[in-house]
Amino acid sequence: MKVLHVAEVIKGGVSSVMNELLLSQIKNDNIERVCCLIPDSQRDELSIGDSHIYTFKRNGRNLLSFIFFVWMFIRTVIKEKPTIIHLHSTFAGLFGRTVLILLPFYKGHVIYCPHAFSSMMAKSKWKLNLFAIVERFLSKFTDAIICVSNYEKEIAMVNGIPKEKLFTIYNGVSEVEHIDKLPKSDLFNILYVGRFDYQKGFDRLEKIINGLNYSSSNIKFTIIGDYVSESINNNRKNLDNAYFTGWLPKSEIYSYYYNADLLIIPSRWEGLAMVPLEAFSCKLPVMASSCTSFPEIIKDKYNGFLVDMDNTEIVIQLLNEIAADKNIDTLESLASNAYVTYLEKFSSTKMNEDVYDLYRMSESVC
């Protein structure tokens, strides 16, 4: 078996998943060769040797970058002759499968993981219908489609993608050891990790932070991340009660996970977010929006809290109640259950095994 992973962009959760898969598959004695095609500007996102990596020139989502991607994809397929091509995200899925239709000599198997279908993010009906038509057509040339949540799988079936081609495999993360833990303070430390944009619900977080009465509260917010566009007005000055770190390396983020009391995720939608999985691996409970795939990760009052993030008053009331309970067993129980959930559903070992089993099944059905 030879495996080629292909992505048009890998920043964020895609790089985390690809790192886990690549490192595992390189060590797998049953896989003869593993390589990947990624943007040259994002080479440092992967922690594997150069002998496993092909790159293409990318300076944005534009015609020239797509041409470079297609050209290098064709060259890599011809050179490597992979038996499995694993396409990551919708643009690689679109261009990769379209190219393979036009390459009749390729006789391998195509695995596609959208990491959240475009139709999940479409804001207009015509775009949703267009995305659905394209995905339905290209599914005919795909051996298996990995959905990262049952929610995503249900969306795919509603859009007409055959059920027999859809497989739910949850994202997984590795457990990080040897993290420096800071002395616990009397403050109730709430952590946010992510982009400052509409999907991630950063505007909701702003309302929550500004709505708290800090004179009677022991709550402290730490925010890791930043705006993704320099053109967006920076409103940090309006959040005087929060500490901003900017973007941090993954190793440093884990230190914050270990030293926080609660992670808050006010997202409006997610295929399957990596951040709560990382938090669970560090025994950190999560408060998240009660929408899309979050109910598959979080069981309310068992390993975290599911709330309506648009109801700012209710969220603030709940945060105050949790903060007041900081010194009793409630948070310890949530933290313990969060770790159990991680081990049972979201470890990298489980994800790697499930993906490899899917490769083998695709090879056997020929």
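Start by selecting T341 together with its contacts: leaving aside residues up to four places away in sequence, T341 touches F280, I297, Y302, N303 and F346. Keep in mind as you click around that this is a predicted model.

**Stop 1: T341 and its helix**

Now colour helix α11, residues 329–345, and you will find T341 in it. Is T341 buried or exposed? Its relative accessibility is 7%, and because buried means under 20%, T341 counts as buried. For a sense of distance, add K165 to the selection and draw a line between the two C-alpha atoms: T341 and K165 lie 27 Å apart in space, with their positions 176 residues apart in sequence.

**Stop 2: helix α7**

Next, select residues 250–259, which make up helix α7. Show side chains for I253, Y254, Y257, Y258 and N259, the buried residues of this helix. What do the buried residues of α7 pack against? Bring up two strands on one side of the list, β8 (188–193) and β9 (219–224), then β11 (262–265) and helix α8 (275–281); these are the packing partners.

**Stop 3: the cavities**

Switch on a cavity display if your viewer has one. The structure holds two cavities of 30 Å³ or more, and the largest contains about 70 Å³ of space. There are 13 residues lining this largest cavity, and to centre your view, pick V17, C113, I146, N171 and V355, which are the closest to its centre. Then colour α1 (13–27), β4 (84–88) and α12 (348–364), the elements that each give two or more residues to the lining. Which classes of residue form the lining of the largest cavity? Colouring by class brings out nine nonpolar and four polar residues, with no charged ones.

**Stop 4: the whole chain**

Finally, zoom out and switch to a cartoon view, where the chain shows 12 helices and 13 strands. Its radius of gyration is 21 Å, close to the 21 Å that the globule rule gives for 366 residues, so the chain is as compact as a globular protein of that length. Turn the model along its principal axes, and the C-alpha atoms fill a box of roughly 70 × 45 × 35 Å.

A contact map is a good companion here: of the contacts between residues at least 6 apart in sequence, 67% join residues at least 24 apart. Colouring by burial, you will have 54% of the 366 residues in the buried group. With a surface on, the accessible area comes to about 17300 Å², and carbon and sulfur atoms account for 53% of that.

Definitions and conventions:
Residues are numbered from 1 along each chain as its sequence is written. This is a predicted model: local features need pLDDT of at least 70, side-chain atom pairs count only at pLDDT 80 or more; totals for chains, interfaces and linings use all residues. Side-chain values use heavy atoms; hydrogens and water are left out. On a 1 Å grid over the protein atoms alone, a cavity is a set of points where a 1.4 Å probe fits but cannot get out, and a pocket is an open set with protein on both sides within 12 Å along at least five of seven lines; lining residues have an atom within 4 Å of a point. Grid points are joined across faces, edges and corners, and a volume is the space filled by probe spheres set on the points. Helices (H or I, at least four residues) and strands (E, at least two) are DSSP runs, numbered from the N terminus. Ala, Val, Leu, Ile, Met, Phe, Trp, Tyr, Cys and Pro count as nonpolar, Asp, Glu, Lys and Arg as charged, and the others, Gly among them, as polar. Buried means under 20% relative accessible area, exposed over 50%, partly exposed in between (1.4 Å probe, protein chains only). Contact means heavy atoms within 4.5 Å. The radius of gyration is taken over C-alpha atoms; the globule rule is 2.2 Å times the number of residues to the power 0.38. Accessible areas come from the Shrake-Rupley method with a 1.4 Å probe; for residues, only the protein chains shown count as cover.
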